[in-house]
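Thank you for sending this model; my notes follow as numbered points, to be read beside the sequence and the coordinates.

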Amino acid sequence: MFAILGITGQTGSAAATALLRGGHQLRATVRDPARAAAWARQGVGVQAGDATDAEALRRAFDGVEAAYVMVPPAPVHPDPLGHYAAVAAAARQAARATGLGRLVLLSSEGAHLSHGTGPILGLHRAEAILADAAPRVTRLRPSYFQENWRGVFGLAATQGILPTMLADLDARRPMVATADIGAVAAALLTDPGAPALVELSGPAEYSARDAALAAAEALGRDVVPVQAPREAWEGILREAGLGETFARLIAEMYDGINSGHIRFSGDGERRRGRVTLKETFAKWARTPVPA
């Protein structure tokens, strides 16, 4: 039996799919069980609870072999970094109360850094809080998500543009698909000897121009990358529905990416996924999202 936080999200659902295919039993904690009805029909034990509720997590972790912990997005939270710490503290309390043997934390590239990383700083703090939560804690630090492009894929389809906050359109950097993150998380959960740190990227490095080319191939039309001016970033992010604080943190994160400050630590174990950026864009073209 394994516990999953975030089963209705991208990495949690990918991890759950991999575990179910392996014949494992799962328990999932979600704020709204109705959103996880499809998982319940597959035999997942779905229970209501908030990720910051230590008692709900204690019920989820009780008797399981290992738990996957991720911080659910809270883009309008007035204190986003505090939210990361609250989830980590609840998970630590639950893990220690239940004698959890193994815990896998979804962290991020750059989480070894203590400044200049935007919301990744919340994961830096979460790693510290959870360091002694179980006898074996694995920090899974993926690179930039390929799915970060999904929010602007509709513009590529309708207008032939792919907006980006990446400053150098030709600079290639690690990008990984959430399907690969989930698959690696599932492998770590089932591995009694899982390493303390895994840094995960995709099968190759990609640039913003590579992303535009992948979108063009998937859509069968010309697509060009378009850079948003730095002074407009926070306003664009707020218009997209992010709260003021989170918008500022995301802008800071892109500053860190563009400067090269945000990077892998080079410690621990390095792994690569299998899903290419072209495959990710091709999947979206089959089920396009609105602009």
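1. The expected span of a helix is taken as 1.5 Å times one less than its number of residues. On that basis the 19 residues of α4 should span 27 Å, and because its end C-alpha atoms are indeed 27 Å apart, the helix agrees with expectation. I note at the outset that this is a predicted model, and every value below is computed from it. The same test applied to α1, residues 10–21, gives an expected 16 Å for twelve residues against 17 Å between the end C-alpha atoms, which also agrees.

2. The inward-facing part of α4 deserves a closer look. Its buried residues are Pro80, Leu81, His83, Tyr84, Val87, Ala88, Ala90, Ala91, Ala94 and Ala95, and they pack against α3 (54–61), β4 (66–69), β5 (102–106), α5 and α10. An α-helix has 3.6 residues a turn, so residues three or four places apart point the same way. Just after α4, glycine 99 adopts a positive phi of about 65°.

3. Helix α4 also bears on the internal space of the model. There is one cavity of 30 Å³ or more, and the largest cavity holds about 30 Å³. Pro72, Pro73, Ala74, Pro80, His83, Tyr84 and Phe246 line this largest cavity, with α4 giving the largest share, three residues. By class, that lining comprises six nonpolar residues, one polar residue and no charged residue.

4. For α1, the buried residues are Thr11, Gly12, Ala14, Ala15, Ala16 and Leu19. Just after this helix, glycine 23 takes a positive phi, here about 85°.

5. Which residues line the second largest pocket? They are Gln10, Ser13, Ala14, Glu147, Arg150, Thr178, Ala179, Lys283 and Trp284, around a volume of about 150 Å³. Helices α1, α7 (178–189) and α11 (277–286) each supply at least two residues of that lining, and α1 gives the most, with three. The lining of this pocket is divided into three nonpolar, three polar and three charged residues.

6. In soluble globular proteins, nonpolar side chains tend to be buried together. In this model the largest nonpolar core has 42 residues, of which Trp149, Leu162, Tyr254 and Phe281 touch the most other members. Helices α4 (80–98), α5 (120–130), α6 (150–159), α8 (208–219), α9 (233–239), α10 (244–259) and α11 each supply at least two residues of this core, and the largest share, eight residues, comes from α10. Another core, of 28 residues, lies apart from the largest one and includes Phe2, Ala28, Leu189 and Ala194.

7. Phenylalanine 281 merits inspection among the well-connected members of the largest core. Setting aside neighbours within four places in sequence, Phe281 is in contact with Trp149, Phe153, Ala211, Ala214, Ala215 and Ala218.

8. Isoleucine 257 lies in helix α10. Its relative accessible area is 11%, and it therefore counts as buried, the cut-off being under 20%. Not counting residues up to four places away in sequence, Ile257 touches Tyr144, Leu166, Arg173 and Ile262. Isoleucine 257 and threonine 164 are 93 residues apart in sequence, with 12 Å between their C-alpha atoms.

9. Two loop alanines should be examined together, since each is considered against leucine 103. Is alanine 134 buried or exposed? Alanine 134, in the loop between α5 and β6 (136–142), is buried, because its relative accessibility is 12%. Beyond its neighbours within four places in sequence, its contacts are Leu100, Gly101, Arg102 and Leu103; the C-alpha atoms of alanine 134 and leucine 103 are 6.5 Å apart, although 31 residues separate them in sequence.

10. Alanine 194 sits in the loop between α7 and β10 (197–201), and at 2% relative accessibility it also counts as buried. Leaving aside neighbours within four places in sequence, Ala194 is in contact with Arg136, Thr138 and Leu188. Its C-alpha atom is separated by 9.8 Å from that of leucine 103, with the two residues 91 apart along the chain.

Notes: Residues are numbered from 1 along each chain as its sequence is written. This is a predicted model: local features need pLDDT of at least 70, side-chain atom pairs count only at pLDDT 80 or more; totals for chains, interfaces and linings use all residues. Side-chain values use heavy atoms; hydrogens and water are left out. Helices (H or I, at least four residues) and strands (E, at least two) are DSSP runs, numbered from the N terminus. Buried means under 20% relative accessible area, exposed over 50%, partly exposed in between (1.4 Å probe, protein chains only). On a 1 Å grid over the protein atoms alone, a cavity is a set of points where a 1.4 Å probe fits but cannot get out, and a pocket is an open set with protein on both sides within 12 Å along at least five of seven lines; lining residues have an atom within 4 Å of a point. Grid points are joined across faces, edges and corners, and a volume is the space filled by probe spheres set on the points. Ala, Val, Leu, Ile, Met, Phe, Trp, Tyr, Cys and Pro count as nonpolar, Asp, Glu, Lys and Arg as charged, and the others, Gly among them, as polar. A nonpolar core is a set of buried Ala, Val, Leu, Ile, Met, Phe, Trp, Tyr and Cys residues joined through side-chain atoms within 4.5 Å. Contact means heavy atoms within 4.5 Å.
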